[in-house]
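Let's take a friendly walk through this model, from a small sheet to the packing of its side chains.

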Amino acid sequence: MSGVGGEGSSQLENLATEFASYEDFLNSQIAPIDLYYLEDEELARQLVELGLRGSGEVVKREEFDAKKVALEEARSIKREPPKKLLSEDLDLEKHPFLKALAEREEANRDGKMTTIIFIREKNQKGQEVSGYIDYAHRLKTDKTMEAVFMGKRRFMPQPTDLSFFNWETQQSKAASSPNYEVKTDTLPGIIFKNKRDRKLINPDPKMEPGDNTTRTMMRNCGYLHVVLYDHVTRRKA
């Protein structure tokens, strides 16, 4: 289905609307007889993905995920009236990190930018933790963001973020978000793939961060270590 428009694009939109995930779509294409002979559900999914089972139509994961994101953005615009920014009317001149968040809030809310924030800091137990945070996703889901902007709560990595590591307990987590796919199979580090434009964001300080991405290191901002990766999404006309 890659590279086709018109009918193919409409079919992809229908699939992205009907199925909650790419895996659900693959499962719908697996017949009982396939499982009987293959005896391996994951292998059956792979064959569907290659067009060797099911309808024979190749629907790529990247295209499916990108369409899901686009449909969700369109639904959000239709059902949600313009919201007042959490940072609006706040004087953040003496708080450089919060000011940086405020400067990026509107762009991350309307989808023009998807910022990844790396933070290393000590939690309430005195344990050093670090992680990469999908800022746009946090703005939509974290009910404590207003308290963050008001200085009543710290903006900290959580196990549900793109990545999380507790340096004392060695707890390590990684989870994709609606905006980014986490790729941990690329040594020596982690890579983030934007689901909208499929661009890669490389947080390795020795490497370029990637197309349409800028890296900003913050100093003296109240945290041990903060790096902002601002990715500007190229929207299709």
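Two strands count as paired if DSSP finds at least two bridges between them. In this predicted model, strand β6 (residues 191-194) and β7 run antiparallel and are joined by two bridges. K193 has L200 in β7 as its bridge partner. These strands belong to an open, antiparallel sheet of three, ordered β5-β6-β7. β5 (180-183) and β7 (200-201) are the edge strands with a single partner each, so each has one side without a neighbour in the sheet.

Now to the nonpolar packing. The largest core has 22 residues, and F97, L101, I117, F155 and V226 have the most contacts inside it. Helix α6 (96-109) is one of the elements that supply at least two residues, and α6 gives the most, with four. Beyond its neighbours within four places in sequence, L101 is in contact with I117, Y135, V148, F149 and F155. A second, separate core of 13 residues includes L15, F25, A44 and L71.

Aromatic rings form eleven pairs in the structure, including these two:

| Pair | Centre distance | Plane angle | Type |
|---|---|---|---|
| Y22 and F25 | 6.1 Å | 40 degrees | tilted |
| Y135 and F155 | 6.3 Å | 90 degrees | edge-to-face |

Y22 and F25 are both buried and sit three residues apart in helix α2 (residues 22-28). Ring pairs link them with F19 and F64 into a cluster. Y135 lies in helix α7 and F155 in the loop between α8 and β3 (163-166), so their pair ties together parts 20 residues apart in sequence. F155 is buried, at 0% relative accessibility, and R138 lies over its face, 4.9 Å from the ring centre.

Key:
Residues numbered from 1 in each chain as written. Predicted model: local features only at pLDDT ≥ 70, side-chain atom pairs only at ≥ 80, totals over all residues. Heavy atoms only, no water. Core = buried A, V, L, I, M, F, W, Y, C linked by side-chain atoms within 4.5 Å. Buried < 20%, exposed > 50% of the residue type's maximum accessible area, 1.4 Å probe, protein only. Contact = heavy atoms within 4.5 Å. Phe/Tyr/Trp six-rings, centres within 6.5 Å; stacked < 30°, edge-to-face > 60°. Lys NZ or Arg CZ within 6 Å of the ring centre and 35° of its normal.
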